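Visitor: I have a few quick questions about this one. Can you pull it up?

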Amino acid sequence: MEANKRTCLYDKHVALGALMQPFGGFDMPIQYSSIIEEHNAVRHHCGVFDVSHMGEIIVTGPDAERFINHIFTNDVRGLATGKVIYGMMCYPDGGTVDDTCICKMGENNFFMTVNAANIDKDDEWIRSNAKDFDVNINNQSDYYGQLAVQGPEAESVMEEVLGLPCKELNFYEVKTYKTAGETIVISRTGYTGEDGFEFYGSHEFIRSSWDKLMASGRCKPCGLGCRDTLRFEVGLPLYGDELSKDISPVMAGLSMFCKLDKPEFIGKEALVKQKTEGVSKRLRGIELTSHAVPRHGYKVLKDGMEVGEVTTGYRLISVDKSCAVALVDASLKLGDTVDVQIRKKTFPAVIVKKKFYDKHYKK
């Protein structure tokens, strides 16, 4: 069996006593102190995540904009340089290849961030669909490391601890900054529902930045455990749970990121059909009336009959409720009552919106 990869910060996580587990083909820190402490640090102060396992693919060339629009559900036509846009790549049947953020770095110059487990698959998919376009595809996943600094104090930490100027960035904007002999990519983005930044640089730069952040005492090291609880509370999907080759953006409730009025893109015909004719399954939020905790794969029942299963579930840290997102029969509406089967017992629940906690992004 092939060994898991390690990010450039692996030894630093081990030195801090992090609980390391496989994720997306990498050995990653799940938690350092506790998921609850790290979660609350991001909600109320500042936390830093090693997200160097994520992939970076750069698309340039005369046809880059047209090509991105061909493989991407959202619309990059007319997107200003310095803007970031979220969307999906889809198969012809509407299933999801991956969800991705794309930064427009310049005319016909696009910087894509892809999920760690999908780097090779995405690279192959992008290249296989580029034959009719004059583009250059450069997979820089092995070069870049990435840190996410998240929370209401993230801006001051970036400016004062790291010396990375970022105040002028609004949410979903990106810039480059030259320092220490290299060009750093900085975006005001994140996966926590809080204000924050993600920045990309060489392994050496990421290691030195981590050391400065740890020495400052201004932010807490955070693992993938609280990254999942944070993103879940604010309704952000995780590929493999809320999106997959079997779960389309329409089924996931992400149609707003699919510009079906574009002339064409891979999967458009299937997604248009799903929008017009409806789908059999749809992701819904579920709130349990007890303290029982639903988990991935648990069955959802209606009048004793199975109507779906949980994709993600937690006892929410910020609002102290037991909630889940589940792929269920599309006929279920907000306010409908269901049951969640947890081991051999069933627990009553109600269908609610998928966002359980309000986002606090800088507009």
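Guide: Here it is. One term before we start: a disulfide is a pair of cysteine sulfur atoms within 2.5 Å. Also, this is a predicted model.

Visitor: Cysteines, then. How many disulfides does a search of the whole structure find?

Guide: The search finds 0 disulfides.

Visitor: Why is Cys101 too far for a bond?

Guide: The closest cysteine sulfur, in Cys103, is 7.0 Å from the sulfur of Cys101. A disulfide needs the pair within 2.5 Å, so that distance is too far for a bond.

Visitor: And what is the nearest cysteine sulfur to Cys8?

Guide: That of Cys219, 16 Å away. Cys8 is in no disulfide.

Visitor: Which of the words buried, partly exposed or exposed fits Cys8? And Cys101?

Guide: Cys8 counts as buried, because its relative accessibility is 13% and the cut-off for buried is under 20%. Cys101 has a relative accessible area of 21%, so it is partly exposed.

Visitor: New topic. Strand β18: mostly covered or mostly open?

Guide: Mostly covered. β18 spans residues 322-329, and 7 of its 8 residues are buried.

Visitor: Which strands are joined to β18 by bridges?

Guide: β15, residues 281-288, is joined to β18 by 7 bridges, and the two run antiparallel. β17, residues 305-315, is also joined to β18 by 7 bridges, again antiparallel.

Visitor: Give me residues. What are the bridge partners of Gly285 and Tyr314 in β18?

Guide: Gly285 has Val325 as its partner. Tyr314 has Cys323.

Visitor: How many residues lie between β17 and β18 in their hairpin?

Guide: There are 6 residues between them. Asp320 sits in that turn, with a positive phi of about 55 degrees.

Visitor: Now the inside. How many residues has the largest nonpolar core?

Guide: It has 25 residues. Those with the most contacts inside this core are Leu147, Val149, Met158, Ile186, Phe199 and Leu213.

Visitor: Which elements give two or more residues to this core?

Guide: They are β10, α5, β12, β13 and α6. The largest share, 4 residues, comes from α6.

Visitor: What other core lies apart from it?

Guide: Another one, of 24 residues. Ile71, Val76, Ile85 and Ile266 are among them.

Visitor: Back to Leu147. What does Leu147 touch, leaving out residues up to four places away in sequence?

Guide: Its contacts include Leu9, Val48, Phe49, Phe197, Phe199, Ile206, Trp210 and Leu213. Polar residues turn up too: Asp50, Glu198 and Ser209 are also touched by Leu147.

Notes
Residues numbered from 1 in each chain as written. Predicted model: local features only at pLDDT ≥ 70, side-chain atom pairs only at ≥ 80, totals over all residues. Heavy atoms only, no water. Buried < 20%, exposed > 50% of the residue type's maximum accessible area, 1.4 Å probe, protein only. Pairing = 2+ DSSP bridges. Core = buried A, V, L, I, M, F, W, Y, C linked by side-chain atoms within 4.5 Å. Contact = heavy atoms within 4.5 Å.
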